[in-house]
Amino acid sequence: MHRRSCLALLALAALPALPTQAALAADAPALLLAQVYRPGLPLQDYWVSEKYDGVRGFWDGRTLRTRGGETVAAPAWFTAGWPEVPMDGELWAGRGRFSHAQSTARQQQPDDAAWRLMRFMVFDLPGDKGTFDQRLPALNALVEGLGQPWVQAVPQKRIASDAALQALLHRTVRAGGEGLMLHRGASLYRAGRSDDLIKVKTHEDTEARVVAHLPGKGRHAGRMGALLVEMPSGQRFRLGAGFSDADRERPPPVGSWVTYRFRGTHDGGLPRFASFERVREEMPAR
């Protein structure tokens, strides 16, 4: 190996470990998190809904926060009259408008015009002690009682088979949706990841934190060629596919979180065919 390459690898290996996700998320709300769908689940036990591509929002009865624990600076009218009970949902700007939802939710000074395009899609009541079957009518009644068009209960329905689920998934994706969610009817609201909540997508994706910018070669000489990223497990890998020329000129900053797509994992747990999708402004927790 070329001496310069060896030195570069040694320098990367010497980079300090990033703070663990647990340490960064000390103030994050205790939310129900999703597993990835696998065939064979008893679908008759689940409700199905669209997976909204927005920013996870948690109303604790007084404050609206992201899943990472950051306070969302929404205009006063947006949360006026909300109940003193927790609501779990998605801050959503519509299909294909993730960037608008993300930029609006992270602003320290709320942009009133931008917030007029936002909705809070409520999908659960964390403080309710009943099963999801029991929480669902309570959720619908609560949202209906608010009478605010920007607060909506996520529509839920039953589905009978994997074939019907896949057909619904492909219709949703073709229409611009991100995917589907499955919620076990008999489940209580329990923080953490379990089969009580399942995400169904046409591809796998997850997040990693940017550790370093790796220089490009050939047509990418003089700009970013790949990112060195760290998974929540602490494993690191090069993420070099999926970037536009503009991304390479202005790469995601070190310390930021990025979402990437992949197709399965190697024996050691690293992703196969990983491809950059976008920057995540809030710390991931799912």
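This report walks through a predicted model, from the overall fold to its helices, enclosed spaces and a few single residues.

## The chain as a whole

The chain has eight helices and 15 strands. Of its 286 residues, 48% are buried. Take the contacts between residues at least 6 apart in sequence: 70% of these join residues at least 24 apart.

## Helix α6

Helix α6 takes in residues 132-146, and its length works out nicely. At 1.5 Å a residue, 15 residues should span 21 Å, and the end C-alpha atoms of α6 are indeed 21 Å apart. The buried residues here are Phe132, Arg135, Leu136, Leu139, Val143 and Leu146. They sit on the same side of α6, because the arc they cover around the axis is only 110°. The general rule behind this is that an α-helix has 3.6 residues a turn, so residues three or four places apart point the same way.

What does that buried side of α6 pack against? Its partners are strands: β2 (46-51), β6 (119-124), β7 (151-153) and β9 (179-184). On the face turned away from the buried side, you'll find Gln134, Glu144 and Gly145, which are exposed. After α6 comes glycine 147, with a positive phi near 65°.

## Helix α7

Now for α7, residues 162-174. Its 13 residues reach 18 Å from first C-alpha to last, close to the 18 Å expected at 1.5 Å a residue. Leu165, Leu168, Leu169 and Thr172 are its buried residues. Looking down the axis of α7, you see them within an arc of 105°, so they line one face of the helix.

The cover over those buried residues includes β2, β8 (157-158), β9 and β10. Ala163 and Arg174 are exposed, on the face of α7 turned away from the buried side. Glycine 176 follows α7, and its phi is positive too, near 105°.

## Helix α4

Helix α4 covers residues 98-106, and its buried residues are Phe98, His100, Ala101, Gln102, Thr104 and Ala105. These pack against β3, β5 (87-92), α5 (112-115) and β15.

## The cavity

How many cavities of 30 Å³ or more turn up in a search of the whole structure? Just one, with a volume of about 350 Å³. It is lined by 25 residues, and those nearest its centre are Lys51, Arg56, Glu90, Phe123 and Met181. The elements giving two or more residues to this lining are β1 (32-36), β2, β3 (55-59), β9, β10 (192-200) and β15 (275-280).

As for the make-up of the cavity lining, 11 residues are charged, 10 are nonpolar and four are polar.

## The second largest pocket

The second largest pocket holds about 230 Å³ of space. Among its 19 lining residues, Asp53, Gly176, Gly177, Glu178 and Arg261 are the closest to its centre. Gly176 is also the glycine that follows α7. Strands β2, β14 (257-262) and β15 are the elements that give two or more residues to the pocket lining.

By class, this lining has 10 charged, seven polar and two nonpolar residues.

## Leucine 182 and serine 194

Leucine 182 belongs to strand β9. Is it buried or exposed? Its relative accessible area is 0%, so leucine 182 counts as buried. Leaving out residues up to four places away in sequence, leucine 182 touches Tyr37, Leu43, Tyr46, Trp47, Val48, Leu165, Asp196, Leu197, Ile198 and Val200. One of these, Leu165, is a buried residue of α7. Aspartate 45 lies 137 residues from leucine 182 in sequence, yet their C-alpha atoms are 9.3 Å apart in space.

Serine 194 is in strand β10. With a relative accessible area of 18%, serine 194 is buried, since the cut-off is under 20%. Not counting residues up to four places away in sequence, serine 194 touches Leu32, Leu33 and Gln35.

## Phenylalanine 273

Where is phenylalanine 273 found? Look in the loop between β14 and β15. Phenylalanine 273 has a relative accessibility of 53%, so it counts as exposed. Its phi is near 55°, a positive value in a residue other than glycine.

Terms used: Residues numbered from 1 in each chain as written. Predicted model: local features only at pLDDT ≥ 70, side-chain atom pairs only at ≥ 80, totals over all residues. Heavy atoms only, no water. Helix = DSSP H or I, 4+ residues; strand = E, 2+ residues; numbered from the N terminus. Expected span 1.5 Å × (residues − 1). Buried < 20%, exposed > 50% of the residue type's maximum accessible area, 1.4 Å probe, protein only. Arc of directions from axis to C-beta. Contact = heavy atoms within 4.5 Å. 1 Å grid on protein atoms, 1.4 Å probe; cavity = no way out; pocket = protein on both sides within 12 Å on 5 of 7 lines; lining within 4 Å. Points joined across faces, edges and corners; volume = space filled by probe spheres on them. Nonpolar A, V, L, I, M, F, W, Y, C, P; charged D, E, K, R; others polar.
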